[in-house]
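Welcome! Open your viewer, get comfortable with rotating and selecting, and follow the stops below.

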Amino acid sequence: MKPKNIVLLGATGSIGVSTQKVAADLPDYVRIVGMASRENVAGMEKAIQQFHPKAVAMTDRDKARELEQRIQSPVLTGEKGLVELATMPEADIVLVAIVGTAGLEPALAAIRAGKDLAVASKEILVMAGELVMSEAKKHGVKVLPVDSEHSAIFQCLEGRNPTDVKRLILTASGGPFRQTSREDFKHITLAQALKHPSWNMGQKITIDSATLFNKGLEMIEARWLFDIEIDRVDVVVHPQSIVHSMVEFQDGSMLAQLSAPDMRHPIQYALVGPKRLPNSMPPTDLAKIGTLTFENPDQDKFPSLRLAHLAGRIGGTLPAVFNAANEVAVARFVEGKIRFTDIFTMVEKTMNAHRPVNQPPLDAILEADAWARREAEHAV
Ligand code: NAD
Ligand code: MG
């Protein structure tokens, strides 16, 4: 197998650093040819010294100049810089691990340039799943999941006939408030919400795991990635985070994928799958883990799942509104301006006020996103 040339967008974040580790572990198979981040100069400099990419970008212009001084070679900048990296001739695959919506345009540019896309940024498929998947089909490129649940489903579906599939079952850790009573939700603090029981991730997704909005986003992500109605995408709470998701087939049999909760597993599969290359990750010791448990999510405590189902069923621009309103709500919660429970209210009110547009082109999606951000500010 000749090495795959990877462009890594969001190189200094939680997924970005895990991807660097996968590349360092499999130097004969994975070569990083481009990397970008927003403002982490020190993180970029360190990664550049290790991987010697052909091109680098930083969206923040001042930080780009600062990095240029330090490495004594040109640094691309702005949103344009991300698109230039995503379309660079050497690239085979573009891994998008930018938090928020800034990954969408470079992802579309990569597809149109004939690159395979590895998607960590679920916002891309939530906002524009229909568009992204149809563009990928048109340009004959693959859309590969990095999100652990979707990677699990992708692995379980390999070589299967879509008509044999009954439903997809996403596992959720349940987050830190699985056993907190609804009455106590009002008093949840930021520090409590940032303590995830099983995964170590960026701040936004950690809060989303506490509200279960992360699982809601993943329901919509699965709907597009696997071209399946949202009614056939279910969620089960599995606090140990060892079973990463399951597929139930028409005959009642289920397939699951298991591994320790370490994002290097799905990242490696997105980059070099279906090959099963040995690596330096510690083995998953099931006997030591001992017990795997499953329970239904509490839909009353976590209205996020119901809202995601609605967004996925109506489709059009509503999922983009769901995503944008949640981003605003999380930002206000982090700033201490709203309570934990207000996150749900903010998203629901914004969704209720929206008139969805069907089969939206990119500009309609971006317009709905911007509208939702303004609208959400007044919702609580
Ligand atoms: P993070 O906050 O740790 O890192 C985000 C990265 O994106 C940083 O490198 C940052 O510089 C970069 N970035 C942010 N805005 C940018 C912009 N405008 N232009 C260029 N770069 C920008 O986030 P993370 O936890 O690594 O998550 C990244 C994405 O992956 C999110 O969409 C998240 O939902 C998804 N994801 C993460 C995990 C996980 O375990 N962390 C698991 C599944 C999916
Ligand atoms: Mg996930």
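In which sense do strand β1 and strand β2 pair, and over how many bridges? Keep that question in mind as you begin, and remember that this is a predicted model.

**First stop: strand β1.** Select residues 4-9, which make up β1. Of these 6 residues, 5 are buried, so the strand is mostly covered.

Now add residues 30-37, which form β2. Here is the reply to the opening question: β1 and β2 pair in the parallel sense, with 6 bridges between them. To find a place where the two strands face each other, show Asn-5 and look across to Arg-31 in β2, which stands opposite.

Next, trace the chain from β1 to β2. On the way, the chain passes through helix α1, residues 14-25. This β-α-β crossover is right-handed.

**Second stop: another partner of β1.** Select residues 93-96, strand β5. β5 also pairs with β1 in the parallel sense, here over 4 bridges. Display Val-7 and you will find Val-94 of β5 opposite.

**Third stop: the magnesium ion.** Select ligand 2, the magnesium ion. Which protein residues serve as its donors? They are Asp-147 (OD), Glu-149 (OE) and Glu-218 (OE), at 2.1 to 2.2 Å from the ion. Along the chain, the donors follow the spacing D-x1-E-x68-E. Glu-149 belongs to helix α7 (residues 148-157) and Glu-218 to helix α10 (residues 213-225), so this pair ties together parts that lie 69 residues apart in sequence. Before you leave, colour by accessibility: Glu-149 and Glu-218 are both buried.

Definitions and conventions. Residues are numbered from 1 along each chain as its sequence is written. Chains are lettered from A and ligands numbered from 1 in the order in which they are written. This is a predicted model: local features need pLDDT of at least 70, side-chain atom pairs count only at pLDDT 80 or more; totals for chains, interfaces and linings use all residues. Side-chain values use heavy atoms; hydrogens and water are left out. Buried means under 20% relative accessible area, exposed over 50%, partly exposed in between (1.4 Å probe, protein chains only). Two strands pair if DSSP finds at least two bridges between them. A crossover is right-handed if, with the strands pointing away from the viewer, the path from the first strand over the helix to the second runs clockwise. Donors are N, O and S atoms within 2.8 Å of the metal (3.2 Å for Na, K and Ca); water is not among the atoms, so sites may look incomplete.
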